[in-house]
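Subject: Handing over a structure for you to look at

Hi there,

I promised to pass this one along, and here it is at last. Have a look through it in your viewer, and then read on below.

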Protein chains: 2
Amino acid sequence: MTRKVQARTLATRDRLLAAGREIVTVSGMAGLRTEEVVLRAGTAKGTFFAHFTDRDHFLAALLAESLAGELAPLGAPQDRAALMRVLERVYVLFAADAETVALLARFSGPAGAGLGLDRLICEVVDRLAEGLGMMQARGEVGARARPEVLAEGLMALIFHAAASAQCGMHGDAVAVRARADRLLVEMAEALLWP
Amino acid sequence: MTRKVQARTLATRDRLLAAGREIVTVSGMAGLRTEEVVLRAGTAKGTFFAHFTDRDHFLAALLAESLAGELAPLGAPQDRAALMRVLERVYVLFAADAETVALLARFSGPAGAGLGLDRLICEVVDRLAEGLGMMQARGEVGARARPEVLAEGLMALIFHAAASAQCGMHGDAVAVRARADRLLVEMAEALLWP
DNA sequence: TCCATAAATTGACTTTGGTCAATATTGCAG
DNA sequence: CTGCAATATTGACCAAAGTCAATTTATGGA
């Protein structure tokens, strides 16, 4: 017989996530140790892995929390300029650091179902598609593809630009970033050309 | 004073890579243990890490070897049909498994400089751009962006489709794959529309 | 209230990636 | 050929993720 989730369970999960949040703000995702998480949360190691499949799933949950707060305010863009602002904003969030890029690559698709990240991305795509549909109706954007396809294409460009912007240990990080940025804009223009 | 690379060094590196190749064909990338690699190669653990930064860099080197053999035969596509065949081929190679997708996401950009993967991708992009340039001249493909930009955009779409095709533990893997496949084609058409 | 059992938690233990001071081998100048 | 400095190799050791049998705690029916 299957029972309802205990309040205790949710409380423990929240304590773990809160601990994770604290650590990430101080040491970044790369510096997060599960030992330290359970220490701060006041649980045993096993509890951590009873709640989250592995370290990466935990980080993905933290990232989803954090991105949700940033992405929620972004509504459907009403014109080309607003669209480009949204793309730029999402790109900046996604390219924040190498960990973020890796987590998004791994969990933003169907593989991340149930973690929050996938739904988050879907919502952004839906809002983009909504805006694109209106722009297509006004002839502001080409109608060579359905709005949903265009929206997903734009997300693909953002992911790619974010990945490209992750320059390992080069000194020319700024140049690489600028190039990725420009590429995103040029490709978006090509895709949207009326 | 800096000396020339010893033959011994290259031999050791080759033994490690050969061992890795064997293991991957049997157990896949996820099943590769560094212990087993050095056991088969007949070296100490430390030698492995003297040659490769970490396990992922080693896997990236293996992947680069393997992809090089597959990508080299692909010339510059002469027309739209040939272009779509190349895209499909590259997509299939990249979407082979979750490890491949993750490695490409991490090392195909500037972060993977010197590992071979980045150059491999660049070569494909260059050949695509070459073909696209000719097609643009014939009016077969839209000239809304420079050929190099279009080529990189197409690679972005391939990466995205490959990532989307990685369905964790769902039974509907086939449906997900088909959706990713269709998306790639539709977005490519939108980008190339004359 | 009481008990059977599902669910949650524990922490010692295992696995595995990665380090490093010590050692062995090689290239090269004299 | 010889000695020395650069390079390569070694393997014991460490750090941290992840496991699991045992234990505790909550739930819902009788």
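Here is what I found when going through it, starting with the chains and ending with the DNA.

One thing to keep in mind throughout is that this is a predicted model.

**The overall fold of chain A**

Chain A is built from 9 helices and 0 strands, so you can expect to read α-α-α-α-α-α-α-α-α along its sequence. Its C-alpha atoms fill a box of roughly 60 × 50 × 25 Å along the principal axes. Of its 194 residues, 48% count as buried. If you take the contacts in chain A between residues at least 6 apart in sequence, 66% of them join residues at least 24 apart.**A helix to look at in both chains**

Helix α7 of chain A covers residues 117-137, and its 21 residues reach 31 Å from the first C-alpha to the last. That is close to the 30 Å expected at 1.5 Å a residue. Just after α7(A), G139(A) takes a positive phi of about 75 degrees. In chain B, helix α7 also runs over residues 117-137, with 21 residues and a reach of 31 Å. There G139(B), just after α7(B), has a positive phi of about 75 degrees.

**One buried threonine**

T43(A) sits in the loop between α2 (34-41) and α3 of chain A. Is T43(A) buried or exposed? With a relative accessibility of 17%, T43(A) counts as buried, because the cut-off for buried is under 20%. Beyond its neighbours within four places in sequence, T43(A) is in contact with T12(A), R15(A), L16(A) and V38(A). R15(A) is one of these partners, and its C-alpha is 8.9 Å from that of T43(A), although the two residues are 28 apart along the chain.

**How the two copies are related**

Chain A superposes on chain B by a rotation of 179 degrees with 0.1 Å of shift along its axis, at an RMSD of 0.2 Å. The two copies are therefore related as by a two-fold rotation axis. In chain A, L191(A) has the C-alpha nearest the axis, at 2.5 Å from it. The same surface serves both copies, with 100% of the contact residues of chain A recurring in chain B.

**DNA strand C**

Which residues are closest to DNA strand C? Of the 26 residues that surround it, the closest are T9(A), T12(A), H51(A), T34(B) and R55(B), from both chains. Sugar and phosphate make up 66% of the strand C atoms that come within 4 Å of the protein.

The bases are contacted as well. An N or O atom in the side chain of R3(A) is 3.1 Å from a base oxygen of DNA strand C, and a polar side-chain atom of R3(B) lies 3.0 Å from a base nitrogen of that strand. R8(A) has a polar side-chain atom 3.3 Å from a sugar or linking oxygen of DNA strand C.

Two or more residues of the surface near DNA strand C come from each of α1 (7-27) and α3 (45-51) of chain A and α3 (45-51) of chain B. The most comes from α3(A), with 5 residues. By class, this surface has 6 nonpolar, 11 polar and 9 charged residues.

**DNA strand D**

Around DNA strand D there are 26 residues, and R3(A), T34(A), T12(B), G46(B) and H51(B) come nearest. Sugar and phosphate account for 69% of the strand D atoms within 4 Å of the protein.

R3(A) turns up here too: an N or O atom of its side chain is 2.8 Å from a base oxygen of DNA strand D. A backbone N or O atom of G46(B) lies 3.3 Å from a base oxygen of the strand. For a phosphate contact, see T47(B), where a polar side-chain atom lies 2.9 Å from a phosphate oxygen of DNA strand D.

Which elements supply this surface? At least two residues each come from α3 of chain A and from α1 (7-27) and α3 of chain B. The largest share, 5 residues, comes from α3(B). The residues near DNA strand D divide into 5 nonpolar, 11 polar and 10 charged.

Happy to talk any of this through whenever suits you.

Best wishes

Methods:
Residues are numbered from 1 along each chain as its sequence is written. Chains are lettered from A and ligands numbered from 1 in the order in which they are written. This is a predicted model: local features need pLDDT of at least 70, side-chain atom pairs count only at pLDDT 80 or more; totals for chains, interfaces and linings use all residues. Side-chain values use heavy atoms; hydrogens and water are left out. Helices (H or I, at least four residues) and strands (E, at least two) are DSSP runs, numbered from the N terminus. The expected span of a helix is 1.5 Å times one less than its number of residues. A residue is near a molecule or strand if one of its heavy atoms lies within 4 Å of it. A polar contact is a pair of N or O atoms within 3.5 Å; within protein, one must be able to donate a hydrogen and the other to accept it, and residues adjacent in sequence count only if both atoms are side-chain atoms. Ala, Val, Leu, Ile, Met, Phe, Trp, Tyr, Cys and Pro count as nonpolar, Asp, Glu, Lys and Arg as charged, and the others, Gly among them, as polar. Copies are superposed by least squares on the C-alpha atoms of residues with pLDDT of at least 70 in both. Contact means heavy atoms within 4.5 Å. Buried means under 20% relative accessible area, exposed over 50%, partly exposed in between (1.4 Å probe, protein chains only).
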